[in-house]
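User: Please look closely at one part of this model and describe how it is built. Then set that part in the context of the rest of the chain, in one connected account.

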Amino acid sequence: MHQVTSKVGSQIQSRSAVAVVMTVLATLCLVACDKAKLVDLKQAVLSTVTPNGVKVNFCTDPAFDQKLYLKTIVILDHSGSNQQNYKMDPNGTGAPALVNGSLDISTDYATDPDGTTRYGTVATPGTLLNYLSTLPANDATDPTRFFALVNFNAQATTYPANASGFTSNVADFYARVLADSQSGTGKPTDGGSTSYVSALDKAYTIMRDDVNRSAQCAALPKGSNSPGSWCPRPGSAVASSYVVVFMSDGSPITAVNGVGTDSNGNTVVTGDISIQIESTTRILGTVGSMMALASNPLYVSSVNLFTIYYYKPGNADLNGQALLEKMAKAGNGIAYNALSGSNIDYEQFQPPAKKIKYTLSDIFVSNSSVTWWTDGQMHLDSDQDGLPDDIETQFGTNKLKKYSYTNGISDLVKYRLANGVCASKNGAGVCQDTVVNYKANGQRCASITSNLVAGSEVFKSSDPGGMNDCEKLLLGNLAGVGSPDSNNDSIPDWLEFVNALPFQVGTSPSINVIGQDGYTVYQKIKRSLPLNVGMPQMLNYTPSNYALSQISTSTTQDCYQLNVANLPMVGENNVVRVDVIEKTPLLPNLPLYRVGKKAFATGSEVIEFADWNNAAEQALSTWSISQ
Ligand SMILES: [Ca+2]
Ligand SMILES: [Ca+2]
Ligand SMILES: [Ca+2]
């Protein structure tokens, strides 16, 4: 242990480095030194501490427009009142008025006999037929617009049939809607009573099954063959915006037996009309079920139900209108009134693209040029490969190269795979154990992308954490390739790996492991403390200290300044590493991750990082990114 310490001591040049090494000596002295000497050392430490400082200026990445997958369900009322209707009781209940004891049923009260209100015309901007006829075709490999149609009277029918889903074939859907608008000899086919429940149940089934299919699609292997139009890109989670447009001319009256004839032959309403009307609670319950689908933001970005009430002027069903207003309110939409012949604008039902804002999840500032080793000592790691200089010398790797061999595997990964044992060394102490060519046919990394650079294998790194894809595979973390925090415990893979902690997908998170000294593993890593030395033994050692201030905030990004004091240092030109983790509320498990690396200038104990958009930092390649 003393030999190691004096070796580190030989690297000392800066005053803060003296402080660190003196502290390490003080720690050692708990075991071996006499009391008087310990006091001397404490004084020496106190008189030589020069707090170093790392300043990081950055803004979160700008918010982005979420790609909109718009799934529209058009629900159209085909009850008989579209073609002929009775005169309403002026009380607005939707019950018929009796004129001289008789019902006044006439095409004069028809709400939409030629279908113009419901379908519009190809030539009238914004109407259903115009909207569909002018929509461009979907990109077959990544369709973004989907449709379903629900026609209802006492029952509901759907297109595609049997509430089986949406179609992304815009031209086909338009042809179907156009044919519907003319199915009754140049006009829509209408007749019978009005069941909102059957229409809403069908629409809900379509939506619920679609959300389930989105989950199934996301669970398929990435890059596998598409199982159907419901899953154009297997393995990708796609969040859809569901829009329901519900058009009706009145209350959901499901029976006509409220109307009868009295003993004098006069037509009468024989019962309370309200008992012939579907339950508002039942109807709003189905709307509530639709809205509840939005609780899965991975697959549903929004649900909106718009309602349109249309009627013959002077013959309004106020009850029906009020119910449609309640439905739109419960459905986070708008209730429109459309007089016969007036236009409905389908463009207005599209939700705006959502801005997805990144928020700062965590930031770590560490010194890549030093490592707390298993002996509880801080060691110099000149080549920042995670393996200290003196351990490299013992093991037989090059302390000035991260990759001492040509097979693309770093020295620390080699050390860990060999359990720190080199079986054969040459006269110069260089480890000569077999260097496995993992890229060779049949070897574990044969299929991982790589380049030969000056005769050395360089494997692809899907994230900038510090381990390449082959290394992650060899360390049992194939599933974590591309993920900077494979076990999702907020501590980046690299910082766990160099501290010999499990980081692989599925390993238990270290974040909440609490030591006997009350510090969590997370706190120790974040503050550059050794994991295997209790804080009571760290005499006079000041853990690094973070002061984060938010400089500005807007709807698109937040800007910060971070000051870190007392980062431990050994020697000159230490390389500071900054790990910035940003997340979105949409995909909390898919962070945007940036790593910055910069060396202290000779003689300097302060260093400043500018934002990754800063031209000077870009020229220096200070920051790397993955997502
Ligand atoms: Ca090293
Ligand atoms: Ca090395
Ligand atoms: Ca982790």
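Analyst: **The calcium sites and their surroundings**

Asp485 and Ile491 are both buried. In this predicted model, these two residues belong to the donor set of the calcium ion (ligand 3), which also includes Asn487, Asp489 and Glu496. Asp485 and Asp489 contribute through OD, Asn487 through OD1, Ile491 through O and Glu496 through OE. The protein donors lie 2.2 to 2.3 Å from the ion. Along the chain, the spacing of the donor residues for the calcium ion (ligand 3) reads D-x1-N-x1-D-x1-I-x4-E.

The calcium ion (ligand 1) is held by Asp381, Asp383 and Asp385 through OD, by Leu387 through O and by Glu392 through OE. These distances run from 2.1 to 2.3 Å. The sequence spacing of the donors of ligand 1 is D-x1-D-x1-D-x1-L-x4-E. Asp381 and Asp383 are both buried.

Asp383 has a further role in the geometry, as it bridges the calcium ion (ligand 1) and the calcium ion (ligand 2). The separation of those two ions is 3.9 Å.

Which residues does Tyr415 contact, once its neighbours within four places in sequence are left aside? They are Trp373, Leu387, Ile391, Phe395 and Gly420. Of these, Leu387 is a donor of the calcium ion (ligand 1), and the contact with Tyr415 therefore links this calcium site to helix H11. Tyr415 itself sits in H11, which spans residues 411-417. Its relative accessibility is 17%, and because buried means under 20%, Tyr415 counts as buried. The C-alpha atom of Tyr415 is 9.0 Å from that of Thr397, a residue 18 places away along the chain.

Elsewhere in the chain, helix H8 (residues 280-292) packs with helix H9 (residues 318-330) at about 25°, their axes lying 9 Å apart. H8 is therefore roughly parallel to H9, and the crossing of the two helices is right-handed. On the H8 side, the contact is made by Thr280, Ile283, Leu284, Val287 and Met291; on the H9 side, by Leu323, Lys326, Met327 and Ala330. By class, this contact has 7 nonpolar residues, 1 polar and 1 charged.

H8 also packs with helix H7 (residues 196-219), at an angle of about 10° and with the axes 10 Å apart. H7 and H8 are thus roughly parallel to each other; the crossing here is left-handed. H7 supplies Tyr196, Val197, Leu200, Asp201, Ala203, Tyr204 and Met207 to the contact, while H8 supplies Arg282, Ile283, Thr286, Val287, Ser289 and Met290. The residues of this contact comprise 9 nonpolar, 2 polar and 2 charged. Ile283 and Val287 of H8 thus take part in the contact with H7 as well as in the contact with H9.

For the chain as a whole, the secondary structure amounts to 15 helices and 26 strands. Of its 627 residues, 50% are buried. Among contacts between residues at least 6 apart in sequence, 64% join residues at least 24 apart.

Note on methods: Residues are numbered from 1 along each chain as its sequence is written. Chains are lettered from A and ligands numbered from 1 in the order in which they are written. This is a predicted model: local features need pLDDT of at least 70, side-chain atom pairs count only at pLDDT 80 or more; totals for chains, interfaces and linings use all residues. Side-chain values use heavy atoms; hydrogens and water are left out. Donors are N, O and S atoms within 2.8 Å of the metal (3.2 Å for Na, K and Ca); water is not among the atoms, so sites may look incomplete. Buried means under 20% relative accessible area, exposed over 50%, partly exposed in between (1.4 Å probe, protein chains only). Axes are lines fitted to C-alpha atoms, for helices over the stretch in contact, and angles run from 0 to 180 degrees between N-to-C directions. Helices (H or I, at least four residues) and strands (E, at least two) are DSSP runs, numbered from the N terminus. Angles under 35 degrees count as roughly parallel, over 145 as roughly antiparallel, 65 to 115 as roughly perpendicular and the rest as oblique. A crossing is left-handed if the near helix is turned anticlockwise from the far one by less than a right angle, and right-handed if clockwise. Contact means heavy atoms within 4.5 Å. Ala, Val, Leu, Ile, Met, Phe, Trp, Tyr, Cys and Pro count as nonpolar, Asp, Glu, Lys and Arg as charged, and the others, Gly among them, as polar.
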